[in-house]
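Colleague: Please walk me through this model, and let me ask about the terms as they come up.

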Amino acid sequence: RTLLRSMADNMQLPPAGGPAGYSAVAAPPANPSGGALLTAVLLVAAGAVLGLIGGAVWAAAAPRVVYQVAALNPPTAYATNPETNAFIAADGIYSFIAIGGGVLLGLGGYFAGVRRYGPVPMAGVVLGALAAAFLARWLGPVLTGQDSFNAQLGASKPGALLRAPISLGASGALAFWPVAAGLVAGGFELSRALRERQLSQDGAPGGTPGRHAQSGRRGLLGPRPGRGQPD
């Protein structure tokens, strides 16, 4: 019994330079969740700023439909050109702004945090793009007189011409912000992961470079001489 107990105690002790030494060297890294969360919050704020800038650009660049007052009770106005393309042009300009803003946000988000922290800043990129989409749609009509248009219509005389505020008719254009940002940031991250995987496979033992080196060494040495043949 004494011999068996001693053997059991010796089996439980880690060998010198074994797992005990490895655990001391391979200590777990510090938790980067604080930096990742801060980066995500900053990306959401950056998306909001881009949305406000995009809304201002949209208000300045989009054409506005001209209405003519027809009656005052109730206040009624009709577009002077019913076949105008101003509505479609406003939606198209918003779409271009959304794609460009999403690309900028995706690039900045990838280099600022996605390539370092991964999914948490990626969520910040998407949320920031969504904030930009709705802020741009809100600010454009406000800057072009949405709040005061009804008051102007009620105070105008019949026949007066009024420029209507812009509006986004195609609500699906809101998706261009997060889609563009996600595709850019996710595409860069995917290409980086595939490149690192390819490099790890090329440098692994027994990979393609090792086989080429081994075959070249056999070709250099040649076959072993047979019995009775000079070396």
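Modeller: Happily! Helix 3 and helix 4 have a right-handed crossing. Before we go on, this is a predicted model in which local features need pLDDT of at least 70 and side-chain atom pairs pLDDT 80 or more, while totals for chains, interfaces and linings use all residues. Residues are numbered from 1 along each chain, and side-chain values use heavy atoms, without hydrogens or water.

Colleague: What makes the crossing of helix 3 and helix 4 right-handed?

Modeller: The name applies if the near helix is turned clockwise from the far one by less than a right angle, and left-handed if anticlockwise. For helix 3 and helix 4, the result is right-handed.

Colleague: At what angle do helix 3 and helix 4 pack, and how far apart are their axes?

Modeller: Helix 3, residues 33-61, packs against helix 4, residues 86-117, at about 160°, and the axes lie 10 Å apart. This angle makes the two helices roughly antiparallel, because that label is for angles over 145 degrees (under 35 is roughly parallel, 65 to 115 roughly perpendicular, the rest oblique).

Colleague: Which residues of helix 3 and helix 4 meet?

Modeller: Helix 3 brings, among them, Gly35, Leu43, Gly47 and Trp58, and helix 4 brings residues including Ile93, Tyr94, Gly101 and Tyr117. A contact here means heavy atoms within 4.5 Å. By class, this contact has 14 nonpolar, 7 polar and no charged residues. Those glycines count as polar, because Gly is placed in that class.

Colleague: Why are helix 3 and helix 5 called roughly parallel?

Modeller: The axes of helix 3 and helix 5, residues 119-143, cross at roughly 25° and come within 6 Å. Set against the limit for the label, that angle makes helix 3 and helix 5 roughly parallel to each other. Helix 3 also passes helix 5 in a right-handed crossing. By class, their contact has 21 nonpolar, 8 polar and 1 charged residues.

Colleague: In what order do the strands of the sheet run?

Modeller: The 3 strands form an open sheet in the order 2-1-3, with antiparallel pairing. Strand 2 (75-79) and strand 3 (161-163) are the edge strands, each pairing on one side only. From one strand to the next, the twist averages 40°.

Colleague: How do you know that strand 1 pairs with strand 2 and with strand 3?

Modeller: Two strands pair if DSSP finds at least two bridges between them. Strand 1, residues 66-72, has 3 bridges to strand 3, and it has 5 to strand 2. As examples, Gln68 has Leu161 of strand 3 as its bridge partner, Tyr67 has Leu162, and Val69 stands opposite Ala77 in strand 2. Strand 1 and strand 2 also form a hairpin, with 2 residues between them.

Colleague: Why does Ser95 count as buried?

Modeller: Its relative accessibility is 15%, which makes Ser95 buried: the limit is under 20%, with exposed being over 50% and partly exposed in between. Ser95 is part of helix 4. Leaving aside residues up to four places away in sequence, Ser95 touches Ala173 and Phe176.

Colleague: How much of the chain is buried, and how many helices and strands are there?

Modeller: Of the 231 residues, 26% are buried. The chain has 8 helices and 3 strands, which follow the pattern α-α-α-β-β-α-α-α-β-α-α. Among contacts with a separation of 6 or more, 79% join residues 24 or more positions apart.

Methods:
Axes fitted to C-alpha atoms, helices over the stretch in contact; angles between N-to-C directions. Helix = DSSP H or I, 4+ residues; strand = E, 2+ residues; numbered from the N terminus. Buried < 20%, exposed > 50% of the residue type's maximum accessible area, 1.4 Å probe, protein only.
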